[in-house]
Amino acid sequence: MQLIEREYLAQMTRFDAVLINDAGDEEVGGAGAAAAVALAGGRIVTSAPLHDAVKRIADLASRPLILIDARSASEDDLSRALSRLDGLAAGRDLSMVVAIDSEQIDVTAAGLQLSRHQILCDPGPSDWIGAIAVAQGTTHLALHDRISENEAARLAKLNAEVARIADVLARLSKHDDPPRSALVAEAGLDFSSEPGGEHPITAADIRQIVRARRLRDRYVGTGLFEDPAWDMMLDLYAAHLERAHVSVSSLCIAAAVAPTTALRWIARLTEAGLFERRPDPFDRRRAFMSLTERGLDAMRRYVSMARALGLPVV
């Protein structure tokens, strides 16, 4: 019985993969991807250079996982190939994992708009394995998802409790603190308005906040206060106030974490409806990131409420 179960699980985790790597399988990236596929229970059905990848994948009857090591590709070749692969993957509902170096972040982000994909920046073997697990939904990933769901449920309960407490405090403030009551409960106070009226904040103010956050790292140690989502929110809000454009690579730097981690957070915040990616109308190899209307509204409300309550914007 146990043998049958093991064989059944093995069948469930088997998958086909296509390895796209101009440098060849012997190179570090190709070898890392190939080893990760084997460890995850998959098989590489074909390997192809970047320029021939679309034709090779289109000829396959299966639905393979597409693994691309593009670190040896030129910017122009990568831009052309990714736009075609992105459309093919989206049309056939295929997952892609793309390995790049830090100088290729912008061209890669601009080329991948439609497909389900993950971007790895200078990945090691563990990065390949993790990305393949996420793409394939292996048994280990299912366990991870259950943990995530439990964490999400706990966070939802915590948010609900915080909201309840805030509501109670707001009601109590109407009776216990007349000056604050006038401030918090005043019907005409519009916390969704653009800062600059009731409770102004400037891009320079936000840049100072970011500098203070980096100062902690200098004196306490790097990696102890990582908060990439908020660092990127602050950067994009400052750019909005400055009417400036922010490239994907620039936003990764603002996140103050490893590029692969920053790219994951960008994808997560985009899926959450807080970030949006817009192509550069003058250069198809580049895309800009910005806050969505929802993201802007959240930042405006946060700043206004913090200023109204006399709290620092941190």
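Q: In which loop is the place of Thr 292?

A: In this predicted model, Thr 292 has its place in the loop that lies between strand 8 and helix 13.

Q: Is Thr 292 buried or exposed, and how does one read that from its relative accessibility?

A: A residue is called buried when its relative accessible area is under 20%. Thr 292 has a relative accessibility of 11%, and therefore counts as buried. Once residues up to four places away in sequence are set aside, Thr 292 touches Gly 273, Leu 274, Phe 275 and Glu 276.

Q: What share of the protein chain do buried residues make up?

A: Of the 314 residues in the protein chain, 40% are buried. The secondary structure of that chain comes to 13 helices and 8 strands. Among the contacts with a separation of 6 or more, 67% are accounted for by residues 24 or more positions apart.

Q: How should one read a sheet, and what is the order of the strands in the sheet of 3 strands?

A: The general idea is that strands of a sheet pair through backbone hydrogen bonds, and that they do so either parallel or antiparallel. Here an open sheet of 3 strands follows the order 6-8-7, and its pairing is antiparallel. Strand 6 (246-247) and strand 7 are the edge strands, each of them pairing on one side only. Between strand 7 and strand 8, which run antiparallel, there are 6 bridges, and in this pair of strands Pro 279 stands opposite Ala 287 in strand 8.

Q: In what order do the strands of the sheet of 5 strands stand, and is the pairing parallel or antiparallel?

A: These 5 strands form an open sheet in the order 2-1-3-4-5, and the pairing is parallel. Strand 2 (43-48) and strand 5 (116-121) stand at the edges and have a single partner strand each, so one side of each is left without a neighbour in the sheet. From one strand to the next, the twist averages 20°.

Q: How many bridges join strand 3 to strand 4?

A: Strand 3 (residues 65-69) and strand 4 (residues 95-100) run parallel and are joined by 4 bridges. Ile 66 stands opposite Met 96 in strand 4.

Q: Which residues is Ala 89 in contact with, leaving aside its neighbours within four places in sequence?

A: With those neighbours left aside, the contacts of Ala 89 are Ile 66, Leu 94, Met 96 and Ser 115. Ala 89 itself is found in helix 4 (residues 75-92), and because its relative accessibility is 1%, Ala 89 counts as buried. Arg 63 is 26 residues apart from Ala 89 along the chain, and the C-alpha atoms of the two are separated by 9.5 Å.

Q: How does one find a pocket, and what volume does the second largest pocket have?

A: The general idea is that rolling a probe the size of a water molecule over the atoms shows where empty space is left. In this model the second largest pocket has a volume of about 370 Å³. Its lining consists of 18 residues, of which Ala 244, His 245, Arg 278, Met 289 and Ser 290 lie nearest the centre. Helix 10 (228-242), strand 7 (275-280), strand 8 (283-291) and helix 13 (293-308) are the elements that give two or more residues to this lining.

Q: Which element gives the most to the lining of the second largest pocket, and how do the lining residues divide into nonpolar, polar and charged?

A: Strand 8 gives the most, with 4 residues. The lining as a whole divides into 10 nonpolar, 4 polar and 4 charged residues.

Note on methods. Residues are numbered from 1 along each chain as its sequence is written. This is a predicted model: local features need pLDDT of at least 70, side-chain atom pairs count only at pLDDT 80 or more; totals for chains, interfaces and linings use all residues. Side-chain values use heavy atoms; hydrogens and water are left out. Two strands pair if DSSP finds at least two bridges between them. Axes are lines fitted to C-alpha atoms, for helices over the stretch in contact, and angles run from 0 to 180 degrees between N-to-C directions. On a 1 Å grid over the protein atoms alone, a cavity is a set of points where a 1.4 Å probe fits but cannot get out, and a pocket is an open set with protein on both sides within 12 Å along at least five of seven lines; lining residues have an atom within 4 Å of a point. Grid points are joined across faces, edges and corners, and a volume is the space filled by probe spheres set on the points. Ala, Val, Leu, Ile, Met, Phe, Trp, Tyr, Cys and Pro count as nonpolar, Asp, Glu, Lys and Arg as charged, and the others, Gly among them, as polar. Buried means under 20% relative accessible area, exposed over 50%, partly exposed in between (1.4 Å probe, protein chains only). Contact means heavy atoms within 4.5 Å.
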